[in-house]
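Trainee: I would like to go through this structure by question and answer. Where should we begin?

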Amino acid sequence: MMEILIAFFLDPVVTRAIGATLSIVLLFGALQKLRDPVVFAGAVENYRLLPDALLPVAAHGLPLLELAAGVLLLFPETCLLGGGWPCCCS
């Protein structure tokens, strides 16, 4: 049973589909955050994980990183830069 699962997840079609799905999730998330940056900045602030000086950097930088990762995951040549696993690049 385990061999079947491993073979399934190492299939290039499956790994590309997983990478494309993750890319879509990242792109829609980034676009939503970029559409209303004030609301996202408030959400980042409400978590209270960062000092006040880093809040603007995180509020502006996180959606851009998310957007970049989503775009990079779309293409096999750049999927490792986008955070993909080596299998998605086949």
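Mentor: Begin with a term: a residue counts as buried under 20% relative accessible area, as exposed over 50%, and as partly exposed in between. Keep in mind also that this is a predicted model.

Trainee: Is Arg 48 buried or exposed?

Mentor: Arg 48 is found in the loop between H3 and H4. Its relative accessibility is 64%. The cut-off for the upper class is over 50%, so Arg 48 counts as exposed.

Trainee: What is the phi of Arg 48?

Mentor: Arg 48 is not a glycine. Its phi is nevertheless positive, at about 55°.

Trainee: How many salt bridges does a search of the whole structure find?

Mentor: The criterion is a side-chain nitrogen of Lys or Arg within 4 Å of a carboxyl oxygen of Asp or Glu. Lys 33 and Glu 66 meet it, with their closest N and O atoms 2.8 Å apart. Over the whole structure the search finds one.

Trainee: Which parts does the pair of Lys 33 and Glu 66 tie together?

Mentor: Lys 33 and Glu 66 form a salt bridge. The two residues are 33 apart in sequence, so the pair ties together separate parts: Lys 33 lies in helix H2 (residues 12–35) and Glu 66 in helix H4 (residues 55–74).

Trainee: Which class of accessibility does Glu 66 fall into?

Mentor: Its partner Lys 33 has 22% relative accessibility and counts as partly exposed. Glu 66 has a relative accessible area of 17%. The cut-off for the lowest class is under 20%, so Glu 66 is buried.

Trainee: With which residues is Ser 23 in contact, leaving aside its neighbours within four places in sequence?

Mentor: Ser 23 lies in helix H2. At 0% relative accessibility, Ser 23 counts as buried. With those neighbours set aside, its contacts are Gly 70, Val 71, Leu 73 and Leu 74.

Trainee: Is Phe 28 buried or exposed?

Mentor: Phe 28 also belongs to helix H2. Its relative accessible area is 60%. That value is over 50%, so Phe 28 is exposed.

Trainee: At what angle do helix H1 and H2 pack?

Mentor: Two packed helices are described by the angle between their axes and the distance between the axes. For helix H1 (residues 2–10) and H2, the axes are 5 Å apart and the angle is about 65°.

Trainee: How many residues of the contact of H1 with H2 are nonpolar?

Mentor: On the H1 side are Phe 8, Phe 9 and Leu 10, and they meet Pro 12, Val 14, Thr 15 and Ile 18 in H2. By class, one residue of this contact is polar and none is charged. The number of nonpolar residues is six.

Trainee: How are H3 and H4 placed relative to each other?

Mentor: The axes of helix H3 (residues 37–47) and H4 come within 9 Å and cross at roughly 120°. H3 passes H4 in a right-handed crossing. Angles of 65 to 115 degrees would count as roughly perpendicular and those over 145 as roughly antiparallel, so H3 and H4 are oblique to each other.

Trainee: Which residues of H4 make the contact with H3?

Mentor: The residues of this contact divide into eight nonpolar, no polar and one charged. H3 contributes Phe 40, Ala 41, Val 44 and Glu 45. From H4 come Leu 55, Ala 58, Ala 59, Leu 62 and Pro 63.

Key. Residues numbered from 1 in each chain as written. Predicted model: local features only at pLDDT ≥ 70, side-chain atom pairs only at ≥ 80, totals over all residues. Heavy atoms only, no water. Helix = DSSP H or I, 4+ residues; strand = E, 2+ residues; numbered from the N terminus. Buried < 20%, exposed > 50% of the residue type's maximum accessible area, 1.4 Å probe, protein only. Axes fitted to C-alpha atoms, helices over the stretch in contact; angles between N-to-C directions. Parallel < 35°, antiparallel > 145°, perpendicular 65-115°, else oblique. Left-handed = near helix turned anticlockwise from the far one by under 90°. Contact = heavy atoms within 4.5 Å. Nonpolar A, V, L, I, M, F, W, Y, C, P; charged D, E, K, R; others polar.
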